[in-house]
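This report looks at how one protein chain is put together, from its interior to its surface. The sequence and the structure come before the discussion.

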Amino acid sequence: MVNDASSAFDGEMESFVERMTETYMNAIDQNLDAQPKLMEAWMDATEENLSEENVRESYEGSLQAYEAWMNAAERSFDRLGDALEGEEVDAAEFRDIWLASANEAFKETMATTAFAAATGQSVEEALNAQQQVEEMTEESLHAVGFATVGDVREVGERLVELERRTHAIESKLDRLLEER
């Protein structure tokens, strides 16, 4: 009976260690996949803004992000060691370590001037694209005979100018009639 309990415990422990190892290895794989993607995105974002200060700040931001990833790896390794020593460690804890690490790494990246400049450039490009779409839409509508926003504005401007001129003429007529 004691032998059965011992083998059941050994089986549970083996299963637990297997799950922990699998979870840890999945987290490591995801980390290894995420790091180059983060660095590639970071470099793409900063390529456009290659002033010396932006490059230095970008480099420091990437080092801080890398440090956050390495701290997560160390914490995960420590917790895996704790699990192997018999401490009860929930597999979700590993996920939480990596999620917190990702948040920290992205925070370090997004806090730099280089990232802000790249984001500003992306917004500017999006606004330019939107302007081009609006211009093409207006040209298309105008080509098929529909009044566009530009047409309505032009008519409004002409009406304002016509009112101004009419008022000036009325004022001159009133003066001429008074002089008679």
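At 0% relative accessibility, A65 counts as buried, where buried means under 20% relative accessible area, exposed means over 50%, and partly exposed covers the values in between (1.4 Å probe, protein chains only). The model is a predicted one, in which local features need pLDDT of at least 70 and side-chain atom pairs count only at pLDDT 80 or more, whereas totals for chains, interfaces and linings use all residues. Residues are numbered from 1 along each chain as its sequence is written, and side-chain values use heavy atoms, with hydrogens and water left out.

**Fold and interior**

The protein chain has 5 helices and 0 strands, helices (H or I, at least four residues) and strands (E, at least two) being DSSP runs numbered from the N terminus. Read from the N terminus on, its elements follow the order α-α-α-α-α. Of the 180 residues in the protein chain, 22% are buried.

A65 lies in helix α2, and A65 also belongs to the largest nonpolar core, a group of 9 residues that is completed by A68, W69, A72, A73, I97, W98, A102 and A105. A nonpolar core is here a set of buried Ala, Val, Leu, Ile, Met, Phe, Trp, Tyr and Cys residues joined through side-chain atoms within 4.5 Å. Both α2 (52-84) and α3 (91-110) supply at least two residues of this core, and the largest share, 5 residues, comes from α2. A second, separate core has 6 residues, among them F16, M20, V89 and F94. In soluble globular proteins, nonpolar side chains tend to be buried together.

Two C-alpha separations link positions that lie apart in sequence. A65 and A102 are 37 residues apart along the chain, yet their C-alpha atoms are separated by 8.3 Å. For D96 and A72, which are 24 residues apart in sequence, the C-alpha to C-alpha separation is 9.7 Å.

**Salt bridges**

The structure holds 7 salt bridges, a salt bridge being a side-chain nitrogen of Lys or Arg within 4 Å of a carboxyl oxygen of Asp or Glu. Three of these pairs are set out below.

| Acidic residue | Basic residue | N to O separation |
|---|---|---|
| D82 | R79 | 2.8 Å |
| D96 | R95 | 2.9 Å |
| E161 | R165 | 3.2 Å |

Why are D82 and R79 separated by about one helical turn? The two residues are 3 residues apart in helix α2, and their separation is therefore about one helical turn. R79 counts as buried at 16% relative accessibility, whereas D82, with a relative accessible area of 23%, is partly exposed.

D96 has its place in helix α3. Its relative accessible area is 41%, so D96 is partly exposed, and its partner R95 is likewise partly exposed, with a relative accessible area of 48%.

The pair in helix α5, E161 and R165, is 4 residues apart, and these residues are thus separated by about one helical turn. E161 is partly exposed, with a relative accessible area of 30%, while R165 counts as exposed at 52% relative accessibility. Elsewhere, R79, D82, E87 and E93 are joined into one network by salt bridges that share partners.

**Surface patches**

Which residues gather in a patch of negative charge on the surface? They are E134, E135, E138 and E139. Patches are made of residues with over 30% relative accessible area and no salt bridge, like charges being joined within 9 Å and nonpolar side chains (Val, Leu, Ile, Met, Phe, Trp, Tyr) within 5 Å. For charge, Lys and Arg count as positive and Asp and Glu as negative, while His and the chain ends are not counted. Within this patch, E135 is found in helix α4 (residues 113-143), and E135 is partly exposed, with a relative accessible area of 41%.

A nonpolar patch on the surface is formed by L141, V144 and F146, which together have about 300 Å² of accessible area; such areas come from the Shrake-Rupley method with a 1.4 Å probe, and for residues only the protein chains shown count as cover. V144 is found in the loop between α4 and α5 (149-179). With a relative accessible area of 59%, V144 is exposed.

Definitions and conventions: The place of a charge is taken as NZ of Lys, CZ of Arg, CG of Asp or CD of Glu.
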